[in-house]
Amino acid sequence: MTQREEYMDLALGLLQDTLAPDEKKRALLLIESDREFLAVLQLELALKNELASLKTPLPEGEKKQLYLKIKGSVGQVLYKAVLHTVLNAVMPKMLWPVMRIFERSVFANEQL
């Protein structure tokens, strides 16, 4: 990991308040002593502010529609998975007697 990447991780952790106490202390010392870290921190802060301005809450109606679509698609996937498993287990057992009847009729017709 390069020093710039390490600085980016420290700056992001500082802004999100996810740093351990010793990392936080190191980041605060870097703010005072290292211009490069300060520049990285300012960049991360600008990105955070820009992303915060892009976040807009969904209207209540759209939230409900989105939730129903997600719930419906999950239900369909679950339904298909269960149906596939059941059919794989049941269909061969159900079709075997029918196939034997067809075999008999084919053999009976061949003998004629």
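Ala 27 is a good place to enter this predicted model, since the residue lies in helix 2. With a relative accessibility of 0%, Ala 27 counts as buried. Beyond the neighbours within four places in sequence, Ala 27 is in contact with Leu 14, Leu 19 and Phe 37. Gly 13 is 14 residues away from Ala 27 in sequence, and the two C-alpha atoms are 9.2 Å apart in space.

Before going further, a word on confidence is helpful. The mean pLDDT of the protein is 84, and 94% of the residues reach 70 or more. Among the elements, helix 2, the home of Ala 27, has the highest mean pLDDT, at 90, while helix 4 (residues 60-111) has the lowest, at 81. Where pLDDT is low, predicted coordinates should not be read in detail.

The surroundings of Ala 27 lead on to the largest nonpolar core. Ten residues make up this core: Tyr 7, Leu 10, Ala 11, Leu 14, Leu 19, Ala 27, Leu 30, Phe 37, Val 40 and Leu 41. Helix 1 (3-16), helix 2 (21-33) and helix 3 (35-54) are the elements that each give two or more residues to it. Helix 1 provides the largest share, with four residues.

Helix 1 can be taken next. Its end C-alpha atoms are 20 Å apart, in agreement with the 20 Å that 14 residues should span at 1.5 Å a residue. Tyr 7, Leu 10, Ala 11, Gly 13 and Leu 14 are the buried residues of this helix. Viewed down the axis of helix 1, these buried residues fall within an arc of 165°, so they line one face of the helix. The cover over them includes helix 2 and helix 3. Leu 14 illustrates this arrangement through its contacts: leaving out residues up to four places away in sequence, Leu 14 touches Leu 19, Lys 24, Ala 27, Ile 31 and Leu 41.

The loop between helix 1 and helix 2 holds two residues that invite a side-by-side reading, Asp 17 and Leu 19. Asp 17 counts as exposed because its relative accessibility is 56%, where exposed means over 50%. Leu 19, in turn, counts as buried because its relative accessibility is 18%, and buried means under 20%. The backbone of Asp 17 also deserves a look: just after helix 1, this residue takes a positive phi of about 60°. Most residues other than glycine have a negative phi, whereas the value at Asp 17 is positive in a residue other than glycine.

Leu 19, a member of the nonpolar core, is in contact with Leu 10, Gly 13, Leu 14, Lys 24 and Ala 27, leaving aside its neighbours within four places in sequence. Asp 9 is ten residues from Leu 19 along the chain, and their C-alpha atoms are separated by 9.5 Å.

The next loop, between helix 2 and helix 3, is the place of Asp 34. This residue has a relative accessible area of 18% and is therefore buried. Its side chain caps the N-terminal end of helix 3, with an oxygen 3.0 Å from the backbone nitrogen of Glu 36. Asp 34 also touches Gln 3 and Tyr 7, not counting residues up to four places away in sequence. With Tyr 7 the link is a polar contact of 2.2 Å between the two side chains. Tyr 7 itself belongs to the nonpolar core and is one of the buried residues of helix 1.

Helix 3, which Asp 34 caps, has 20 residues and reaches 29 Å from its first C-alpha to its last, close to the 28 Å expected at 1.5 Å a residue. Phe 37, Val 40, Leu 41 and Glu 44 are buried in this helix. Seen down the axis of helix 3, the buried residues fall within an arc of 100°, so they line one face. An α-helix has 3.6 residues a turn, so residues three or four places apart point the same way. The buried residues of helix 3 pack against helix 1 and helix 2. The face turned away from this buried side carries the exposed residues Arg 35, Ser 53 and Leu 54. Of the buried residues in helix 3, Phe 37 leads back to the starting point, being one of the contacts of Ala 27.

Notes:
Residues numbered from 1 in each chain as written. Predicted model: local features only at pLDDT ≥ 70, side-chain atom pairs only at ≥ 80, totals over all residues. Heavy atoms only, no water. Core = buried A, V, L, I, M, F, W, Y, C linked by side-chain atoms within 4.5 Å. Buried < 20%, exposed > 50% of the residue type's maximum accessible area, 1.4 Å probe, protein only. Contact = heavy atoms within 4.5 Å. Expected span 1.5 Å × (residues − 1). Arc of directions from axis to C-beta. Polar contact = N/O pair within 3.5 Å; in protein donor to acceptor, adjacent residues only side chain to side chain. pLDDT = per-residue confidence, 0-100.
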